[in-house]
Every structure is written in C-alpha cells, then in structure tokens.
Amino acid sequence: MSQYIQPFLDYLAASPTAFHAVDGAQRALLDAGFVRLNEHEAFSVRPGGQYFVTRNQSSLIAFRVPERGLAPFRITASHVDSPAFKLKARMEDRSVKPYTRLNAEKYGGAILSTWLDRPLSVAGRLLVRTDRGLESRLCDLGRDAAVIPNLPIHFNRAVNDGYAFNVQKDMMALWGEDADENALLAELAAGVKAKLEDVAGHDLYLYSRMPASVWGGKGEYLSAGRLDDLECAWTCLTAFLSAGTAEHLNVYALFDNEEVGSQSKQGADSTLLWDTLSRLGEALGAAPGEVRAAAAAGFMASADNAQALHPNHIDKYDAQNRVLMNQGVVIKYSANQKYTTDGVSAALFGEICRAAGVPVQHFVNRSDVMGGSTLGGISNTHVSLNTVDIGLAQLAMHSVWETAGVRDLSYMVDALRVFYRAGLRVRADGAWDLEFRS
Ligand code: ZN
C-alpha cells in the first residue's frame, strides 16, 4: 500500500471542517520550520525564508522565497471546504416533544440522501470570551451525537422513485430527548476549556463520523468524507513540503468557500492571493511592476478532484475524454473556461508529468453537460497567470462518503513535486525553456 495512505487518512480524520483542515496544514508547515506572518501586521521576509499566512482561519497561503528574492510564482491551489450542514445561530428545535433537533442550513451542493441514517457529530469554532477579550477556538464534539433519520418506506412508498428532499423538513438532525438548553454548546465549550456563558459566537457544522476505508478486490479504492478537495489539499502540501526551495518562488494556496462560489473575504474570488503576493514583493523591496512580472512568468495548478467514470452510468461521460481512478493525474478542460486549461498549460503540465513518470488522463464533459467550475478561473480574475486545472478521479462527488483510487495519491505527489522543482522559463509569449531536475 502506498506510503501516503495512512498519513492522508490521518489528515482527513483530523479535518472535519475547513478550520481544522487549515489548522492541520499550518501545523505541518510550522513543523517544517515555516514562519507565520499576520495579515494585520507588516510582512517581514528575507530571501531563503519560508512563510505562511492565514485568513479567517479557513484559508492559507504558504511560500518559499528563493535565495535570489522575488522570482516567478509556481502555485498550487486547492480548497478545504466540503458540502455540509451549518448549525443556525439558534440551533435547537424543541417543537416536537420530547425530541430536541438541530436546525441547520445546507452548505454547498451535498447529495442530501447520503447524510441520512448515519452517525453525525459537530465541529467548527467557538468565539470565547477571555479576560483579554475574545478568542476563536477550534472545537470538535468527537463522538456520535446526532442522526438524520429516514422516514420508513411504509410512509413514503415513492422514496425509491426519486424523492425531493426538503432541507428544512427532511434534514433536521435528531440530537436527543428533553436535552438541557444549550447542552450541545456547553459540551463543545467544555471541550475547549470554556464555560457556556463565555461563548459569544460560533461557526459549527455537522459532519459524518463514518471512518475512512480502503476496500476493493485488491484494496484499490479508498472511501471517506471530504475527498473533494482534501485529497488535493493534502497531496499538494506533501509535494510542496518535499520539493524544497527552488530558483522560482513556490506557493501553496488553500481556499475556503469553493463549494458556495468562492465569493467571500477568504475565497478564491477574494483579494487574498494578490494581497499576499504583492505584500511579499513589497517586503522584498521589489520595484513597481516586478510582482506582475513574477506572475506573468509564473505557472499555477488549480487542483480539485475530477469525475471518474461511473460504471453504472457511462452515458453521462464523453466517450473519448473520460477518466478512471488509479490511472494518474487528470487534466480538466472546458472550451468555455470553466476550467482554465488551454493548449499551453496542458502541454506544460504534460511535460512535467512525463518527467515525473506519472500517467496523465484528459477530462472533458459531454458537450450537452454543463459540468462544474473550480478555483483556477476565479483566482485568475485576481492574479492572472498560465494555469492548468487538474485533479484526481473520484466517484460520488459531494456524497458524504466519496471514493477515490489508492494509487493516485502518489501519482499526484510525484507530479507536483516535479511541478514545484522544474525550471520553466518564459522566453516569449508562447515559448518556454524547460529544465527538469530529479
Ligand atoms: Zn472540489
């Protein structure tokens, strides 16, 4: 089994929410000697240094400055949020005695039916009153605590004929009987050494407690929650950390809110990436225009998982441009630029994979299927540079338990390590000098 499986499963298990996923990446960066910068303070950076910055505790940008200072950017971007249910400000519903239910809003495009009849828990962050003011603390109930029960088939004979779930009515999670008022918040507060009366705010989400599993005739599949897009978040991080410092400026970006359109202060449609890169340039004493030149000479991989061929529904896929699990990194295309890939970025990334010995697959939707979009195109409206949209093939995207291929983790890490190390120099618009080192 791949050396990467267990570390990846450990990261997944510790990442029930975007806050936790960023926290896990942050801890790995600190362990590797990265220095935290704060957006509310001046950036102090030096050539040869390695740094990261977070925004809202749910997005993160890390970078390694080469010895020569500002240099062309080499960026991976992935997202840490997944479809979920966010508990409302007043989360307890006691309208049907003796039950206490949890009232939550849908976050992103979940396959609703997959959330029913399975153990759920609650995690996120609490804003806690302290003697100095307020402090955000990550929290996780960490136990089976709620279930969204199905209606018995005897009361809904049509459930197997295509049932339209109503989020407000069908998706209320059962939490207990005659529960004490605010018992959930009190338990979460106790978990972060705070008192209930000191909880001044919260961002809390339901998450599935189903553990990850490696399965299949030869153990070729891996199923877990939040593979989209923590599989890319983790493989990008692993490659970024192992690639070391290069002659260009390596950047690792994690964004929140991709599942709801990226339009937030910390999403890919925010100023976060440009703010960070331009402030980095200023801190390195760059002349006007030099940061723009570093972007123009840069290359970005927008990494978000792709739709693997579903064996029961092959009619949903383009016959020539469909992809499989365990068959390598996927390059995603869209003529209408839902994906940023074009001939140039596909060729550049293809050469990188060729040098890495990693197989490449090509995904294009059927021409009568709209498909999804992702970070690359949105981020390019703020920081424009050659970008390729890539991902790993998976089944059941946006189910609470998704499936991917075990061999693909190492394909992605190997490809992105070469991505972070390769010499790619722009000679002219449309001409590149390439140099690959092992
Ligand atoms: Zn995604």
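How are the donor residues of the zinc ion spaced in sequence? The spacing is H-x148-D-x75-D. The model is predicted, with local features requiring pLDDT of at least 70 and side-chain atom pairs pLDDT 80 or more, whereas totals for chains, interfaces and linings use all residues. Residues are numbered from 1 along each chain as its sequence is written, and side-chain values use heavy atoms, without hydrogens and water.

**View 1. Coordination of the zinc ion by His-79, Asp-228 and Asp-304.** The ion is bound by NE2 of His-79, an OD atom of Asp-228 and two OD entries of Asp-304, at 2.0 to 2.6 Å. Donors are N, O and S atoms within 2.8 Å of the metal (3.2 Å for Na, K and Ca); water is not among the atoms, so sites may look incomplete. The angles among the four donor atoms span 54 to 144°, and the site is irregular. Irregular describes any site that is not tetrahedral (four donors, all angles between 85 and 135 degrees), square planar (four donors) or octahedral (six), the last two requiring opposite donors over 155 degrees apart and all others between 65 and 115. His-79 lies in strand β4 (residues 73–79) and Asp-228 in helix α5 (residues 227–243), so the pair ties together parts that are 149 residues apart in sequence. Helices (H or I, at least four residues) and strands (E, at least two) are DSSP runs numbered from the N terminus. His-79 and Asp-228 are both buried, that is, under 20% relative accessible area, where exposed means over 50% and partly exposed in between (1.4 Å probe, protein chains only).

**View 2. The cis peptide bond between Asp-228 and Asp-229.** Omega is about 15° at this bond, and Asp-229 is placed in helix α5. A second cis bond runs from Lys-97 to Pro-98, with omega near 5°; Pro-98 is found in the loop between β5 and β6.

**View 3. Pairing of strand β12 (residues 221–224) with β11 and β20.** Strands pair if DSSP finds at least two bridges between them. Three bridges join β12 to the antiparallel strand β11 (residues 213–215), and Val-214 stands opposite Leu-222. Five residues separate β11 and β12 in their hairpin, where Gly-216 in the turn has a positive phi of about 110°. Strand β20 (residues 402–405) is antiparallel to β12 and joined to β12 by four bridges; Glu-402 is the bridge partner of Ala-224.

**View 4. Positive phi at Asp-117.** Asp-117 is not a glycine, yet its phi is about 55°. This residue is placed in the loop between β6 and β7 (120–130) and is partly exposed, with a relative accessible area of 47%.
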